Amino acid sequence: TPKGEIISTTLRGLKHQPGMVEKHYLSTPEDIEKYLSLPEPEIGGDVDGFFAADREIGDRGITLCGLPLNPAGWAALMVGSEAFAIMTLTDRDLLHALCAYQQRIQLRLVDYLLARGVGPFFASYGQEYLTPPLHGRKDFFDFNVRYDKPIFDRIHEAGGRMHVHSHGPIRTVVDGFLEMGADVLHPFEPPPMGD
């Protein structure tokens with residue numbers, strides 16, 4: 001980046017076991033500052049695959065356009081769940097800057113897709129990174145609702161619908177999904193994973 005290198009390391013699992021991230025790309029406030037020094041990426045590319053899939057499925061189903069991880073989920077994945085939770089107390093403004101950066105990129109992506117006729121059904125995921133038990137209601141609204149609602153609004157203004165996939169306990173934040181504009185929400189999991 002213009003402000004220096006950012007590195008992630010992953011441990012490979014032995015005997016066909018899953019690996020794990022040893023160091024996340026943005027595990028420190030300094031790493032986040034380095035990332036934020038990058039210019040925002042250009043949005044482009046061929047969308048013909050969406051229309052080919054839509055023709056193939058016909059009236060047998062719905063063709064969803066899957067968006068990248070939502071801004072807060074993306075940030076939590078890049079920072080690491082534990083570090084993100086700690087930084088909500090120590091570097092909250094920096095996390096908001098990171099989410100706002102991703103939101104701008106996703107809004108430009110949505111505009112690009114809508115301008116090319118992609119839709120009307122879109123899918124989002126990643127909200128589960130900011131749900132209980134690691135995060136409370138305040139964080140859910142401050143990071144998920146705040147950054148997802150403008151993206152979902154843009155899709156709704158174009159006549160689209162939003163499908164949100166979020167695991168885990170959502171009882172205390174389900175109204176936040178409504179506020180952000182989720183038209184479809186799944187799964188509703190029973191205990192022990194959900195509530």
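**Group meeting: the parallel sheet and its surroundings**

E3 and E4 pair in the parallel sense over two bridges, where pairing requires that DSSP finds at least two bridges between two strands, and where strands (E, at least two residues) and helices (H or I, at least four) are DSSP runs numbered from the N terminus. Before I go further, please keep in mind that this is a predicted model, in which local features need pLDDT of at least 70 and side-chain atom pairs count only at pLDDT 80 or more, while totals for chains, interfaces and linings use all residues. Residues are numbered from 1 along each chain as its sequence is written, and side-chain values use heavy atoms, with hydrogens and water left out.

To stay with that pair for a moment, Gly66 has Ala123 in E4 as its bridge partner. The pair belongs to an open sheet of four strands, ordered E3-E4-E5-E6 with parallel pairing, and its edge strands, each of which pairs on one side only, are E3 (65–66) and E6 (184–186). As general background, strands of a sheet pair through backbone hydrogen bonds, either parallel or antiparallel.

Moving along the sheet, E4 (residues 121–125) and E5 (residues 161–165) are joined in the parallel sense by five bridges. Within this pairing, Phe121 stands opposite Arg161 in E5, and the chain crosses from E4 through H6 to E5 in a right-handed β-α-β crossover, a label that applies if, with the strands pointing away from the viewer, the path from the first strand over the helix to the second runs clockwise. Tyr125, for its part, has His165 of E5 as its bridge partner. The connecting helix, H6 (residues 137–157), lies across E4 and E5 and runs at about 145° to E5; axes here are lines fitted to C-alpha atoms, for helices over the stretch in contact, and angles run from 0 to 180 degrees between N-to-C directions.

E5 and E6 are then paired in the parallel sense over three bridges, with Val164 opposite Leu185 in E6, and together with helix H7 (residues 174–180) these two strands make a right-handed β-α-β unit.

Let me turn to the helices H3 and H4. H3 (residues 71–79) and H4 (residues 81–90) pack at an angle of about 110°, their axes being 6 Å apart, which means that H3 is roughly perpendicular to H4, a term that covers angles of 65 to 115 degrees. Which residues in H3 meet H4? They are Ala72, Ala75, Ala76 and Val79, and they meet Ser81, Ala83, Phe84 and Met87 in H4, contact being heavy atoms within 4.5 Å.

Finally, there are some backbone details that deserve a careful look. The peptide bond from Gly119 to Pro120 is cis, with omega near 10°, and Pro120 sits in the loop between helix H5 (92–115) and E4. A cis peptide bond also leads from Pro132 to Pro133, with omega near 5°, and Pro133 is found in the loop between E4 and H6. Elsewhere, Lys15, although not a glycine, has a positive phi of about 55°, and Lys15 lies in the loop between strand E1 (9–11) and strand E2 (20–23). For context, most residues other than glycine have a negative phi, and most peptide bonds are trans.

Definitions and conventions:
Angles under 35 degrees count as roughly parallel, over 145 as roughly antiparallel, 65 to 115 as roughly perpendicular and the rest as oblique.
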